[in-house]
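Trainee: Could we go through this structure together, so that I learn how each label is earned?

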Amino acid sequence: MTDAFEGVRILDFTQLEQGPSATQVLADFGAEVIKVERIDAGEIGRFQPPFLANGFSPHWSATNRNKKSISVDVKSPEGKDLIYALAKDADIVASNFRPGVMDRLGFGWAELSELNPRIIVAYASGYGLSGPYVHRRGQDLAAQSISGLMALTGSQETGPVPVGTFMVDYLASMQFAQGMMIALAAREKTGRGQVVDSNLLNAAITSHLQEGTTYLNTGQRFDRPSAGIAHAHNTALYGYYEAADGLWFTLIGEFYVDEQWRRSARACGLEPADVDDPRFQTIEGLREHTEETHRLLADAIRKFPRAEIMARFEAEDVLVAPVHEYDAVFDDPQVRHNGLVLESEVDGVGPVKWVGMPVALSDTPARLRHVPPKIGQHNDDVLTAAGLTPDRIAQLKAAGVVGSEADRERAGGDPAWS
C-alpha cells in the first residue's frame, strides 16, 4: 500500500500533546517519525497516570503510534553528532519546547539549515517565537483564558468556564500539522526548507474567528448567555435541556427549518397560545424573550423521558442530539462505524485500544502500522540506516550516548514501560 507521506522523515523532539499529536498525523499517513528521547526515562509524557501493565501510559500512547524511538544523550558531543547526521537526511525537525531551547541545544534553524537547506524546522510553543510573552510557559488553560475562549464559554450564572478537555492543545497540534504539510508542499516549488511557527494562543483565538471578525468590524460583544443557552448570540432553541429521567440533550432548533419556534413548541406540547405567540416567531423576537422561551421549553421538556422528547422533536424535523456521558461515547453506533476505536497487542501490556484517525482517504488511508514504541526501541535500525556500523553503535551504547529499555532489561533492569 502507498502511504501519502511515505519517504518523509521527521525527527520528533515533541512532548505531551501539542507536538506529538501533530507528528502522529503525519505518521498515520506514512511518514517515518523518529522520536528523540532521553535515555531510559524517555519523553515526560510516558509518566502520565493511570497505567496499564508494566507502567504503560494510555495517555502518552494516545499520541505516539506509528513512531520509532531513539534514546540519545543529546547534550553530549557524540549525541549531537548523531542528531546532525540524522538531520542531513531529514525533512522536518519538530519540537514544542519554549522558544530558544532548541537553539541552545544546537538544533535550531541556524544550525540545521546549514547542514540541510531543504530541512523544515517546525516549532510549536505557547505564544510564538517572539513577542512580550516569548519566555512564558505555554499551557492549554492559559491560552483559553487569554484568548477570550473562556469569556465565550459558560453562562451568566457560572461566569467563565474552560472547555472540558485540553482542546486548545489538540487544535494547536492540528494547526502545527497543517504548517508542516504546507511547508512540505512549498518545498516542492521552491526547493527550500523554512521555519514553521505554531502556538497555543493563535489556535485558541482562531477557534472563535467568526465572533472575532464580527467584533473587529462592528464592535459587537458576545457576552455569556443565560443558563441553558449554548451561545451568546443564539436563542432558547439553541441550548441544552434536562428530560424527566435526568438525561440531557441538546436542541438545535434555530437552524435548518422554517417556523423554528412553532415546530419546537409543538414538539414540547405547549399550549396553542404559546405556539402561536407573535413575540416568538422571529429570531429577533426569540432573542428579546430568551429567558421566557427557555423557561417554557424547559418546563415542558421535563415532563418527558429523553428518548420520547427527542422523538417528538425529530417528528417535527428539529435537530436534537443526546448529551452522552463519557462511558456512552465509544458505544455510539456512528462512532464505531467511523472506525474511531483501534485495537492492537502491545508487548508486555496486552491488548490496547486507541482513539482512531479522524480523516479518511480512499486511496492513501491512514493506518496503524506500529504501536507506540519503547524507549530507544529503534536505535539500531535508525543508526544503521544513518550509516553507523554495529561496532560503532556498540561503542555508543557502552559510552552511554544511546540506550534503550531493551538494553536495560537484558542487563537485569526493570521491565518494559515501568
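Mentor: We will take the rings, then a surface patch, then one arginine, and we should keep in mind throughout that this is a predicted model.

Trainee: What makes the pair of Tyr241 and Phe249 tilted?

Mentor: The structure holds 10 aromatic pairs. In the pair of Tyr241 and Phe249, the ring centres are 6.4 Å apart and the planes stand at 35°. Rings pair if their centres lie within 6.5 Å, and planes that are neither under 30 degrees nor over 60 count as tilted, so Tyr241 and Phe249 form a tilted pair.

Trainee: Why is Phe249 called buried, and why is Tyr241 called buried?

Mentor: Buried means under 20% relative accessible area. Phe249 has a relative accessible area of 0%, so Phe249 is buried, and Tyr241, at 2%, therefore counts as buried.

Trainee: Why is the pair of Phe249 and Phe313 called tilted?

Mentor: The centres of the rings of Phe249 and Phe313 are 6.0 Å apart and their planes meet at 50°, so this pair is tilted. The pair links distant parts of the chain, since Phe249 belongs to strand S10 (residues 248-252) and Phe313 to helix H15 (residues 306-315), 64 residues apart. Both Phe249 and Phe313 are buried.

Trainee: How do you know that the charged end of Lys80 sits over the ring of Phe107?

Mentor: The charged end of Lys80 is 5.2 Å from the centre of that ring, and the cut-off for the distance is 6 Å, with a further condition that the charge be within 35 degrees of the ring normal. Phe107 also forms one aromatic cluster with Phe13 and Tyr84. Elsewhere, Arg136 lies over the face of Tyr133, at 3.9 Å from the ring centre.

Trainee: Why is Ile44 called partly exposed?

Mentor: Partly exposed covers what lies between 20% and 50%, and Ile44 has a relative accessibility of 40%, so Ile44 counts as partly exposed. Ile44 is found in the loop between strand S2 (32-37) and helix H2 (58-61). Together with Leu16 and Phe47, Ile44 forms a nonpolar patch on the surface, with about 280 Å² of accessible area together.

Trainee: Why is Arg187 called buried, and which residues is Arg187 in contact with, leaving aside its neighbours within four places in sequence?

Mentor: Arg187 has a relative accessible area of 6%, so Arg187 is buried, the cut-off being under 20%. Arg187 lies in helix H8 (residues 167-190), and, with those sequence neighbours left aside, Arg187 is in contact with Asp91, Arg118, Arg192 and Gly193.

Key. Residues are numbered from 1 along each chain as its sequence is written. This is a predicted model: local features need pLDDT of at least 70, side-chain atom pairs count only at pLDDT 80 or more; totals for chains, interfaces and linings use all residues. Side-chain values use heavy atoms; hydrogens and water are left out. Buried means under 20% relative accessible area, exposed over 50%, partly exposed in between (1.4 Å probe, protein chains only). Helices (H or I, at least four residues) and strands (E, at least two) are DSSP runs, numbered from the N terminus. Patches are made of residues with over 30% relative accessible area and no salt bridge: like charges are joined within 9 Å, nonpolar side chains (Val, Leu, Ile, Met, Phe, Trp, Tyr) within 5 Å. Accessible areas come from the Shrake-Rupley method with a 1.4 Å probe; for residues, only the protein chains shown count as cover. A salt bridge is a side-chain nitrogen of Lys or Arg within 4 Å of a carboxyl oxygen of Asp or Glu. Contact means heavy atoms within 4.5 Å.
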